[in-house]
Structure formats: structure tokens, C-alpha cells
Amino acid sequence: MALKNKKLPLLRLLSIEALSSFVHEALMLLVPWYVIRTTGSALWTAAVGFAIMLPYIFGSTSGGVLVEKNGATKTILISESLQVAVLLMLASFMFNASHTIFICLAMFLSAFLNAQSRVARTSLMPIYSRLAKRTLQSANGAREAIIGVSAILGPLCAGVLAAFEEETFVVNILVLVYLGVFTLALSAYQKREYSRIEKSKINIKKSWRYISKRITLRRGMLFSLPLFIVNFSWESVLLPSYIKTNNFDTIFLGALGAAYGLGILSGALLYAFKGQNLKFKTALILNYLASITVLFIFFIPGYKFLVLGTVVLCGVPLGVFNAAAVTFVLTYTKDAFRNITLGLFASMCALVECVSVVLIGISIDVKDLGFTVLMLMGVFAFILLFVLALYKDRRKNSMIKL
């Protein structure tokens with residue numbers, strides 16, 4: 001039976017991405033805020049961030065293995081079905097004012113399932129984009145644009161609702177939204193005849209060897225990793241600490257998250273239409289500059305509109321980079337190695353985020369927010385100079401064009 005609408009699988013996949021991203025973006029703002037409000041500790045807030053990021057280290061890699069074993073649509077269905085149960089468990093813990101350790105456990109499980117589902121969704125992008133007769137750049141650009149919209153609406157809705165209702169009520173609303181993800185995942189699994197992926201005998205060891213032998217892929221992935229130092233810590237530790245330090249409300253916290261999401265959306269749309277002309281190294285360098293610039297907002301708390309504008313502008317390169325990084329890995333990886341390579345790259349990024357969120361939380365508790373921000377700016381400036389030095393003379397450094 002021929003598929004009448006060949007765009008339908010891609011549209012369904014992007015819809016899953018939209019709803020899933022909306023819920024997880026909202027949770028990443030809501031739960032850390034709940035913890036810092038109830039405990040007053042940046043370290044406990046960092047512990048929640050650590051619990052969220054830790055599963056991505058091994059969950060992303062195991063997701064690639066599960067896709068090889070069970071197929072992408074089945075992996076998505078199983079992950080999203082269990083995700084609904086975990087979100088209900090989180091709501092129960094918050095309603096009963098359980099110890100923060102139980103909140104960390106729920107977020108750990110939620111992140112683990114999301115990591116597996118995300119790898120499975122990413123692995124389907126080349127197949128569904130070809131089926132829909134779209135380039136991989138435009139499909140990934142559309143995906144990042146949808147994530148950008150979710151990054152706007154998720155924090156904004158969570159921040160506004162949290163200002164008027166209990167956090168438990170907001171989580172229950174998010175559970176209802178996630179039922180839509182489950183419905184779409186079930187539909188995708190029922191139509192799996194259009195998304196079969198040939199199983200291969202590739203394992204983690206072979207994929208790691210494959211990456212190590214390809215200098216362009218290896219260096220592109222390596223230079224991307226430092227950008228994830230602040231990526232997750234931004235919403236889970238830095239912004240809640242910034243809001244608490246300056247006695248702002250959750251509406252402004254949501255507005256900051258939404259402003260960053262707006263920048264990401266703009267960058268993703270830019271990449272979707274102009275991505276073919278953009279070099280990966282350009283996206284990389286612009287992101288290091290943006291990472292340094294956006295940290296200046298912590299020193300201008302009294303100028304809210306200036307802060308919001310700066311956050312929007314600095315989110316644009318991130319939106320471009322997110323789409324470019326996925327496209328880069330997919331383009332420079334053979335089909336047989338693609339699933340596990342995506343998982344390994346996601347695991348490496350998660351490892352950086354996991355370590356960073358703990359160190360940033362400790363630094364804020366031991367020193368203060370200002371010291372931590374200055375330290376981060378210094379780290380990014382050093383890495384940027386290092387990357388520029390390597391790219392300056394390609395012949396001496398054997399830098400292959402990215």
C-alpha cells in the first residue's frame with residue numbers, strides 16, 4: 001500500500017518533537033525553580049540539573065543501540081509511554097512535598113527516556129526528509145525551528161502559570177500535553193512500514209573506531225563540546241540563581257527562557273533557508289562569541305529590556321549551530337554508523353553538561369554568581385582563541401574544511 005501523503009511521516013515526527021520539546025523545556029524551568037524556591041540552595045538546584053543530564057551520557061548511546069535492535073518507531077513508542085508514567089510520578093512527589101532526592105529521581109528517569117527517544121527521532125530525519133523530498137538541511141532547520149518555538153512557549157507558559165498556580169498544577173497540565181506525544185508515537189509505530197531501518201552489526205566499539213579515523217568528523221565534534229558548558233546550566237542553575245539574587249518574579253524568568261527560545265527559533269529558520277551556504281566552522285565561532293556576550297546580562301540586572309534583547313540576539317547563533325551540528329554529524333557519517341554515532345555524540349555533550357552543571361552550582365554556592373560568570377567568560381574566551389588559532393593556518397594544523 002503506497003503512502004498517499006509522503007510528507008505525513010515527517011510532519012508526524014516534527015509534531016512529536018514539538019510537543020515533547022515544549023514539555024521538557026517547561027520542566028527545565030519549572031522544576032529547578034521549585035527546588036531553589038523550596039530549598040534556597042543553588043547546590044540542590046544543580047543536583048536536579050545533574051540528575052537531568054546524567055542519563056543523557058549513557059541514555060543517548062543506549063538509544064542508538066535500541067534503534068539498531070528494535071527500530072526507531074518502536075523505541076519512540078516505548079520511551080514516550082513510560083514518560084507519561086514518570087511525569088505522573090513527578091507530580092505526585094511535588095504534591096506531597098517529597099525530599100528533593102525523589103524529585104531528582106523522577107527527573108533522572110524522564111531524561112533517560114527522552115534521551116533514547118531523541119536519538120530515535122534524529123535517526124529518522126534523513127529517511128523522512130528524503131521521503132518528503134526535502135533537503136536534510138531544511139528538515140533539520142525546521143526541526144530546530146520547532147524546538148525554538150517550544151523553547152519560547154514552554155518557559156513562558158511555565159513561568160506565567162507558576163506565578164499564579166502551584167508547580168504541581170502546572171506539571172499536571174504538562175502530563176495532559178504529553179498524552180498527545182504518546183498518541184503520535186503510537187500512530188508512527190502503526191505506520192512503521194514506511195520507516196524501517198536496516199539492521200546492522202555495528203556496535204559502540206566499531207562506531208568509536210569509525211569516529212577516531214575521520215579527522216573532519218572527530219574535530220568537528222570535539223570543538224562543539226565546550227559550547228555545552230552553559231547550554232543546560234543556563235536554564236537549570238544560572239537563570240534561577242539570577243532571578244533569586246535580584247528578587248525578580250517567575251514571569252521574568254519565563255520571559256528570559258522565551259527570549260532565548262526566540263533567538264534559537266530565528267537561528268533555526270535562518271539555517272533552514274540559508275544553511276547550504278554556511279560553513280560549520282562559522283557557526284562554531286559565532287557560538288563562542290555569543291556564549292561570551294550573553295553572560296554580560298548578569299551584570300546589567302536593572303535593564304530588563306536590554307537583557308531580553310541581548311538574550312534574543314545571542315540565541316540566534318545557537319539555533320543555527322544546533323541544526324548545523326546535527327546536519328554535520330549526519331552528513332559525515334555513513335548510514336550504517338549513523339545511529340550509534342549520534343548516540344555517542346549526544347553522550348559526550350551530556351557528559352560536558354553534567355559535569356558543568358555541578359561545578360557551576362558549587363561555584364555559585366561557595367563563591368557567588370558574579371565570580372562564576374566571570375570564570376565562564378574566561379573559559380569561553382580561551383577556547384575561542386584556541387579554535388581561531390587552529391583555523392588560522394590550515395596547512396600547519398591539517399585542518400580539513402568543515
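Which residues line the second largest cavity? In this predicted model, the lining of the second largest cavity is made up of L227, V230, N231, Y260, N287, A290, S291, V294, C314, L318 and F380. Two helices, α11 (residues 280-294) and α12, are the elements that give two or more residues to that lining, and α11 gives the most, with 4 residues. Sorted by class, the lining of the second largest cavity has 8 nonpolar and 3 polar residues, and no charged ones. The space inside the second largest cavity comes to about 120 Å³.

That cavity belongs to a wider picture, since the structure holds 2 cavities of 30 Å³ or more. The largest cavity contains about 1,000 Å³ of space, and of the 44 residues that line it, R118, F228, N231, N322 and E353 are the closest to its centre. N231 is thus found both in the lining of the largest cavity and in that of the second largest cavity.

Many helices take part in enclosing the largest cavity. At least two lining residues each are supplied by α1 (8-39), α2 (42-70), α4 (100-131), α5 (136-164), α9 (233-245), α10 (250-274), α12 (304-331) and α13. Among these helices, α4 provides the largest share of the lining, 9 residues. By class, the lining of the largest cavity has 25 nonpolar, 11 polar and 8 charged residues, whereas charged residues are absent from the lining of the second largest cavity.

Helix α13, which supplies part of the lining of the largest cavity, spans residues 335-366 and includes S363. Is S363 buried or exposed? With a relative accessibility of 10%, S363 counts as buried, because the cut-off for a buried residue is under 20%. Leaving aside neighbours within four places in sequence, S363 is in contact with D368, F371, T372 and M375. With one of these residues, T372, the contact includes a polar one, in which the side chains of S363 and T372 are joined at 2.7 Å.

Helix α13 also has a part in covering another helix, α7. In α7, which runs over residues 204-212, the buried residues are S207, Y210 and I211. These three residues lie on the same side of α7, because they cover an arc of only 95° around the axis. What covers the buried residues of α7 includes α8 (215-224) together with α13.

Definitions and conventions
Residues are numbered from 1 along each chain as its sequence is written. This is a predicted model: local features need pLDDT of at least 70, side-chain atom pairs count only at pLDDT 80 or more; totals for chains, interfaces and linings use all residues. Side-chain values use heavy atoms; hydrogens and water are left out. Buried means under 20% relative accessible area, exposed over 50%, partly exposed in between (1.4 Å probe, protein chains only). A polar contact is a pair of N or O atoms within 3.5 Å; within protein, one must be able to donate a hydrogen and the other to accept it, and residues adjacent in sequence count only if both atoms are side-chain atoms. Contact means heavy atoms within 4.5 Å. The arc is that of the directions from the helix axis to the C-beta atoms. On a 1 Å grid over the protein atoms alone, a cavity is a set of points where a 1.4 Å probe fits but cannot get out, and a pocket is an open set with protein on both sides within 12 Å along at least five of seven lines; lining residues have an atom within 4 Å of a point. Grid points are joined across faces, edges and corners, and a volume is the space filled by probe spheres set on the points. Ala, Val, Leu, Ile, Met, Phe, Trp, Tyr, Cys and Pro count as nonpolar, Asp, Glu, Lys and Arg as charged, and the others, Gly among them, as polar.
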